[in-house]
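Biologist: I would love a friendly walk through this structure before I plan my reading of it. Could you bring it up and take my questions one at a time?

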There are 2 protein chains.
Amino acid sequence: MSPSASPAEAKQSLNAGDWARAALDALAAGGIDAVAVEPLARQLGVTKGSFYWHFANREALLRAALELWEKRETEDVLARIGDESDPYERIVKIFKEANAGYRAGRLYLAIAAAEDKPLVREFVQRVSERRMDYLVECYQALGFDRPRARHWARFAYATFMGNLQIRRDTPDLMPTGAPFNEYLKLMIKTLIPREGVDKSADHPHVVSMRRAGSP
Amino acid sequence: MSPSASPAEAKQSLNAGDWARAALDALAAGGIDAVAVEPLARQLGVTKGSFYWHFANREALLRAALELWEKRETEDVLARIGDESDPYERIVKIFKEANAGYRAGRLYLAIAAAEDKPLVREFVQRVSERRMDYLVECYQALGFDRPRARHWARFAYATFMGNLQIRRDTPDLMPTGAPFNEYLKLMIKTLIPREGVDKSADHPHVVSMRRAGSP
DNA sequence: CAGGGTCAGTACGCCCCCGTATGGTCTGCC
DNA sequence: GGCAGACCATACGGGGGCGTACTGACCCTG
């Protein structure tokens, strides 16, 4: 009788967090419209009666899911590459993360697709700005002045996002295996100007500092 | 009495094309779910009775709208920059088009967001592949061999798409005026390697040909 | 043991959309 | 004038989602 089948003695009572997690999963899988009370209730093995005890309405659930997303997005990402001191390697790591961890990217695209909802816009904007800020800092640490760092950061961020889009919509256009690594190397080499390149005014006024740590 | 208010004596009778155009507009404005029979009928000032005369069902309308999109996407775009012989200038034109004409990009994002529908995937894939093929040809014309051209084309295409996404989701992160032109110049200079750059194996084995026409 | 808080089931009304059936109104053509 | 076909309105049944009201079971605590 007990709703088992879950590891660790399967809690038999749901809380708001369970609903929020389920909502976020549904969001990733089917977009904003998939965050619906009754389907989620069915999926969780309960009825609406439960839901409306934990949340005031559908909107509240959506907000909870988005808060969960924002939390994960900032905590996780920054935690996974926060211990890297070399700004060059930081950007490289971000790039590789962004191109490997496909799930997080899918989630972003699913959420951002509902840009007409003000609530969603709010969260998307915060997350995006935080990501961009981080990138800008990386490029500044590489020796760029603020305006140039912003341009390069935006450039790199746009390329991340576009790769996500390509991967989702037309995976055939995205190489795998060795060619993919070539592709990745090309993007990294192009998007993170190294110290040697100073023949152009668009490149950093950097002297040394780079490519010394982490052999 | 006649439903006027339109230029040129306002047709009083709808046809399938009118429905398809309206559907595409709705698609651009509100995503795939906005392509609904009854709302569109209301908007067009008629009832469902009209719709189900022209189309078998909602699916058929969606297909018609997507065909319209594909047609516009390939005809228009290639027509607007087809008379440019210089491959460098072709890419530049594409870039500027992509960053100026925001509407077409919005449409792509709205359509691609419904990537779970097989029908949509089909069209998105065709359109994307055609765009990529065109870019690959441009890069090949610049002197790249096929694999490298594919990498650069994908790179550039990803950057297009990402810029679209940024523009839609976080317009504040996209500069305007002079800074935008700087940004554009940076991307163009970076994404279209010029003849002078040959210190790297990733750059074209090109000798001259470039930057002679159009002073 | 009584009572209150927690969580869930049932049932209802509402809205909005799909698709069908059927009938009505124009238009042009014979 | 009458017929056929193009175009549209009305009405209906079905489905699914939202939100509310009420009831019920299970703790836990006084």
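**Protein, DNA and the contact between chains**

Biologist: By class, which residues make up the surface near DNA strand D?
Modeller: A residue is near a strand if one of its heavy atoms lies within 4 Å of it. Ala, Val, Leu, Ile, Met, Phe, Trp, Tyr, Cys and Pro count as nonpolar, Asp, Glu, Lys and Arg as charged, and the others, Gly among them, as polar. By that scheme, the surface near DNA strand D has seven nonpolar, eight polar and four charged residues.

Biologist: What kind of model am I looking at?
Modeller: Residues are numbered from 1 along each chain as its sequence is written, while chains are lettered from A and ligands numbered from 1 in the order in which they are written. Side-chain values use heavy atoms, leaving out hydrogens and water; local features need pLDDT of at least 70, side-chain atom pairs count only at pLDDT 80 or more, totals for chains, interfaces and linings use all residues, and the model is predicted.

Biologist: Which residue has a backbone N or O atom 2.5 Å from a phosphate oxygen of DNA strand D?
Modeller: Both chains are among the closest of the 19 residues that surround DNA strand D, with A:V37 and A:K48 on one side of the list and B:S13, B:T47 and B:S50 on the other. Sugar and phosphate make up 62% of the atoms of this strand that come within 4 Å of the protein. A backbone N or O atom of A:V37 lies 2.9 Å from a phosphate oxygen. At 2.5 Å, the backbone partner is B:T47.

Biologist: And on DNA strand C, which residue places a polar side-chain atom 2.6 Å from a phosphate oxygen?
Modeller: Here 19 residues lie around the strand, and those that come nearest include A:T47, A:W53 and B:K48. Sugar and phosphate give 61% of the strand C atoms within 4 Å of the protein. A polar side-chain atom of B:R42 lies 2.9 Å from a phosphate oxygen. The side chain with the 2.6 Å distance belongs to A:S50.

Biologist: What rotation superposes chain B on chain A?
Modeller: The fit is by least squares on the C-alpha atoms of residues with pLDDT of at least 70 in both copies. The shift along the axis is 0.0 Å, the RMSD is 0.1 Å, and the rotation is 180°. The two copies are thus related as by a two-fold axis, that is, a rotation of 180°.

Biologist: How much area do chain B and chain A bury between them?
Modeller: Contact (heavy atoms within 4.5 Å) takes in 43 residues from each of chain A and chain B. Since 100% of the interface residues of chain B are also interface residues in chain A, the copies meet through the same surface. Buried area is the accessible area (1.4 Å probe) that two parts lose on being put together, summed over both. With 63% of it on carbon and sulfur atoms, the area is about 3800 Å².

Biologist: Which helix gives the largest share of the side of chain B that touches chain A?
Modeller: The rule finds two salt bridges between the chains (a Lys or Arg side-chain nitrogen within 4 Å of an Asp or Glu carboxyl oxygen), and A:E115 with B:R106 forms a salt bridge at 2.7 Å, N to O. Helices (DSSP runs of H or I, at least four residues, numbered from the N terminus) that each give two or more residues to this side include helix 6 (102-112) and helix 7 (118-141). The largest share, 14 residues, comes from helix 8 of chain B.

Notes: A polar contact is a pair of N or O atoms within 3.5 Å; within protein, one must be able to donate a hydrogen and the other to accept it, and residues adjacent in sequence count only if both atoms are side-chain atoms.
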